Amino acid sequence: MVTPLRALIAALAALIRSPRYVLSVMLELIKGRRMGQPRVASAGHRRLKDSLKSINWHLLRQCNYNCAFCYHVTHERNTRLRLEEAKRGLRLLAKSGMEKINFSGGEPFLCPYLGVLCKFCKEELRPLGATKVYVSIITNGSLVTERWIKEFGRHVDMIGVSVDSCSDDKHRELGRWSETLAKKGEWPGHISKALQVSEWCHQYGIRFKVNTVVNIMNADDDMTDLIRKLRPMRWKVFELLVINGENTGKDAKGDAPLLKPSNGQFQSFVKRHEALLREGLMIVENNSVMRNSYIIIDEQMRFLDNASGGKVPSQSSILDRISWESLTEVQKADFAFLQDSPELLPVALGFEGVTFDSDSFRERRADFYEASSGVPDIEDLGAVM
């Protein structure tokens, strides 16, 4: 903990470096608040910080679509956290090194406080190593409204919409469709809605991205014209990923293996769009690139590990209360770098059992730049390098 005496010493030591810094230190001291973020003073803390730069949060499991290959969805209610719990978790992640948060689901726009969280991340979080947290959202697009964009769009860096075909008949067959909105006469179709969201993003200065999951139903599609009409800054093309216990297996909502394309079909889809690949617009991720190169937390803020082919949650949530005294001697040695920041113990303990391929992460981010401006795809990177 930073005591008033240590704060005063830090301020005096910094006097010759930056009067502005001294002023900020004194203001923090007067307000009686903890000064800044925890120091990255050890190799252990640096490893944690570097690994947790980019977080993908499945904010909730509910979705108004019924996509056959989705790997994180349920129609149960109330799987999301309370707002204050969500904010507390985000504070802990920012203190641990998070520079970028990607909200996904389920369908994140079913969360009534999604916009509030985006604003909170931009206005109240101060991450290590960055001036602001980058915020992105991956959505099916059906519930995005211009009213929401006007109110909260300035707090969002990027919105990505999933579009899997140039045929709405295929979208409907895949489950990427809102029957509820269609029955109300409020549904223009998935493609039309995606085009509408793209227009709003361009109008209000939000980067727009398209995600496509290649499967046996769209493997023969030529989406070139549609992608150009959508005008994304990035088109991410994924090979369908089978996750045991989620989109296949007992109690799974779908049976993804029946939709999984062969390697030849996937490569043919990529080759068919090689003009977009040459332009730097299309980025391709097969299963080997995807697996273990994303840091994912679930709706209860537990880290998810998919090294075994499923999504196994960590035993503890980052929201758990864990005291230093409750640790074993081995754990105390492993997490000695957090002795002055015990509130981060749940983050470190949760992440401890996660298989994270940092080499694959670095390999992915080496390619994730807009050809024209050098701006990274913040869904994956978290910050401008």
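In this predicted model, the buried residues of helix α5 pack against five elements: β1 (54–58), α4, β2 (100–104), β3 (134–139) and α6 (146–152). Helix α5 itself covers residues 114–123 and is mostly covered, with seven of its 10 residues buried. Those buried positions are Leu114, Gly115, Leu117, Cys118, Phe120, Cys121 and Lys122.

One of the neighbours of α5, helix α4, deserves a closer look. The axes of α4 and α5 come within 11 Å of each other and cross at roughly 30°. Because angles under 35 degrees count as roughly parallel, α4 is described as roughly parallel to α5. From α4, the residues that make the contact are Leu83, Ala86, Lys87, Leu90 and Arg91, and they meet Val116, Leu117, Phe120 and Cys121 of α5. The crossing of α4 past α5 is right-handed. A helical repeat is helpful to keep in mind when reading such residue lists: an α-helix has 3.6 residues a turn, so residues three or four places apart point the same way.

Helix α4 can also be checked for its length. It holds 14 residues, 83–96, which at 1.5 Å a residue should span 20 Å; the C-alpha atoms at its ends are 20 Å apart, so expectation and model agree. Within α4, the buried residues are Ala86, Lys87, Gly89, Leu90, Leu92, Leu93, Ala94 and Ser96. Ala86, Lys87 and Leu90 therefore appear both among the buried residues of α4 and in its contact with α5. Just after the helix comes glycine 97, whose phi is positive, near 125°.

The backbone has a few further points to visit. Glycine 106 sits in the loop between β2 and α5, and the peptide bond that leads to it from glycine 105 is cis, with omega near 10°. Positive phi values also turn up in residues other than glycine. For arginine 231, phi is near 55°; this residue belongs to the loop between α10 (224–230) and β6 (234–239). For methionine 301, phi is near 60°, and its place is the loop between β8 (295–297) and β9 (304–305). How does the accessibility of these two residues turn out? Arginine 231 has 38% relative accessibility and so counts as partly exposed, whereas methionine 301, at 0%, counts as buried.

Histidine 190 offers a view of another part of the chain. This residue is found in helix α9, which runs over residues 190–203. With a relative accessible area of 1%, histidine 190 is buried. Leaving aside residues up to four places away in sequence, histidine 190 touches Tyr65, Asn140, Ser162, Val163, Asp168, His171, Arg176 and Trp177. Of these partners, valine 163 is 27 residues from histidine 190 in sequence, while their C-alpha atoms are 7.8 Å apart in space.

Finally, some totals place these details in the whole chain. The chain contains 16 helices and 10 strands, and 55% of its 385 residues count as buried. Among contacts between residues at least 6 apart in sequence, 71% join residues at least 24 apart. The chain exposes about 18000 Å², and carbon and sulfur atoms supply 50% of that area.

Terms used
Residues numbered from 1 in each chain as written. Predicted model: local features only at pLDDT ≥ 70, side-chain atom pairs only at ≥ 80, totals over all residues. Heavy atoms only, no water. Helix = DSSP H or I, 4+ residues; strand = E, 2+ residues; numbered from the N terminus. Expected span 1.5 Å × (residues − 1). Buried < 20%, exposed > 50% of the residue type's maximum accessible area, 1.4 Å probe, protein only. Contact = heavy atoms within 4.5 Å. Areas by Shrake-Rupley, 256 points an atom, 1.4 Å probe, with all protein chains shown as cover. Axes fitted to C-alpha atoms, helices over the stretch in contact; angles between N-to-C directions. Parallel < 35°, antiparallel > 145°, perpendicular 65-115°, else oblique. Left-handed = near helix turned anticlockwise from the far one by under 90°.
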